[in-house]
Amino acid sequence: MFHKANSNMEICHSFAALKANKYTHVENCSSSVSKFILLGFPYTWEIRILCFSVFSGTYILTLIGNLCIICAVRCDHQLQTPMYILLANFSFLEIWFITSTVPNMLANFLSETNTISFSGCFLQFYFFFSMGTTETLFLSAMAFDRYLAICRPLHYPTVMTVPRCIRMGACCWLCGFLYFLLPIYLISQLPFCCLSKIDHFLCDPGPLIKLSCVPAPVTEVICAIYNSVLIFSTLLCITSSYTLVIRAVFRVPSAEGRQKAFSTCGSHLSVVSLFYGSIMVVYVSPTAGNPVGIQKYVTLFYSVLTPLFNPLIYSLRNKEMKEALRKLFKTVRFRQRPGRNL
């Protein structure tokens, strides 16, 4: 009887010791994690050099393309209208959106360690998601602007003035940088395991939550709610606006008017399809059904390639923008002539 009681006491002490060791280990690990390892794309050295060259070129082209749109809107007075002011803001946003991830990814292609500090990881997380949130808000604002211009043409000059457009853009920036503060704070407070390897090329919430030493269902649910509310509310606004726009375009009597409206709206819809199609695969569909490799490549598409496509889409499908870019290039070439001041 006493022997059985002693055995039970020993078992209880053993479980208590294991539990204490577990929480001590968690506490020690969470307090000692000062950096993460981004696994990125574990290719051979030759392929990594090739990737570095390709993405360096992509980054430079993205910067040039979006800067050209900003300069065209700034220099051409005919483009200083609400639609193009929003577009210039969108291009400025794309420059910083790609800058939040690509320089670090390029450095990791040439590095053997691929480490990022704890603060650097969460700064990248904050800026990347803030830029992405701001992008969804700007796409919604641009869709609303096209709705007013095509469906309410008589009220458009009084409703969508330049000062009001600037205030709308400022609201997009402010709300975009405030929206994800709570999820980022909650994830940063999780106790992370000692082997802090992130199977991604950037600090993304899914891989970060998986590194937690303890389950975090509340944080996961909050992140999912934030993602879903943002994506579906802005997507509903965009699709509603363009549905009304398309209905109004079919009522336009002249073929030239319909073609101009479709050209402008078609470029917007192309950008919306590229961006929303990719982020919904990563952040809305169940993560259990998406292999990590697919998530990385889809994230690479919308974070690196979409900012490259946007200047091409807007410049190739918009006659006013093409004309403004032509004038801009002529001005630059004229200023570069060696004998023009002689």
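## A walk through the predicted model

Start with the protein chain in full view: among its contacts between residues at least 6 apart in sequence, 81% join residues at least 24 apart. Keep in mind as you go that this is a predicted model. Colour the chain by secondary structure and you should find 13 helices and three strands. Switch to a surface, and about 18,400 Å² is exposed, with carbon and sulfur atoms supplying 68% of that area. Of the 342 residues in the protein chain, 44% count as buried.

**Stop 1: the annotated spans**

Next, select the residues that UniProt, in an unreviewed entry, lists as "transmembrane region": 47-72, 84-103, 123-144, 165-187, 224-250, 262-285 and 297-316. Two of these are worth a look on their own. Residues 84-103 are 90% helix and 0% strand, and their end C-alpha atoms lie 28 Å apart. For residues 224-250, the end C-alpha atoms are 38 Å apart, and the span is 96% helix with 0% strand.

**Stop 2: helix 3**

Now select residues 82-99, which make up helix 3. From first C-alpha to last, its 18 residues reach 26 Å, close to the 26 Å expected at 1.5 Å a residue. Show the neighbouring chain around helix 3 and you will see that the helix is mostly covered, with 14 of its 18 residues buried.

**Stop 3: a pair of phenylalanines**

Aromatic rings deserve a stop too, as the structure holds 33 aromatic pairs. Pick phenylalanine 128 and phenylalanine 129: their rings form an edge-to-face pair, 5.7 Å centre to centre with 80 degrees between the planes. An angle over 60 degrees is what counts as edge-to-face, so this pair qualifies at 80 degrees. Both phenylalanine 128 and phenylalanine 129 are buried.

**Stop 4: the salt bridges**

How many salt bridges are there to visit? The count comes to three, so show the side chains of each pair in turn.

Begin with aspartate 145 and arginine 146, whose closest N and O atoms are 2.8 Å apart. Are these two residues buried or exposed? Aspartate 145 is buried, at a relative accessible area of 0%. Arginine 146 is buried as well, at 10%, because the cut-off for buried is under 20%.

Move on to lysine 296 and aspartate 199, where the side chains meet in a salt bridge at 3.2 Å, N to O. Which parts of the chain does this pair tie together? Lysine 296 sits in helix 12 (residues 292-316), while aspartate 199 is in the loop between strand 3 (197-198) and helix 9 (205-210), so the pair links parts that are 97 residues apart in sequence. Toggle the surface here: lysine 296 is buried, with a relative accessible area of 7%, whereas aspartate 199 is partly exposed, at 31%.

Finish at glutamate 323 and arginine 326, a salt bridge with its closest N and O atoms 2.7 Å apart. Select residues 319-335 to see the setting: both partners lie in helix 13, three residues apart, about one turn of the helix. Glutamate 323 is partly exposed, with a relative accessible area of 36%, and arginine 326 is also partly exposed, at 43%.

Methods. Residues numbered from 1 in each chain as written. Predicted model: local features only at pLDDT ≥ 70, side-chain atom pairs only at ≥ 80, totals over all residues. Heavy atoms only, no water. UniProt positions renumbered as here; feature names shortened; annotations may be inferred. Helix = DSSP H or I, 4+ residues; strand = E, 2+ residues; numbered from the N terminus. Salt bridge = Lys/Arg side-chain N within 4 Å of Asp/Glu carboxyl O. Buried < 20%, exposed > 50% of the residue type's maximum accessible area, 1.4 Å probe, protein only. Expected span 1.5 Å × (residues − 1). Contact = heavy atoms within 4.5 Å. Areas by Shrake-Rupley, 256 points an atom, 1.4 Å probe, with all protein chains shown as cover. Phe/Tyr/Trp six-rings, centres within 6.5 Å; stacked < 30°, edge-to-face > 60°.
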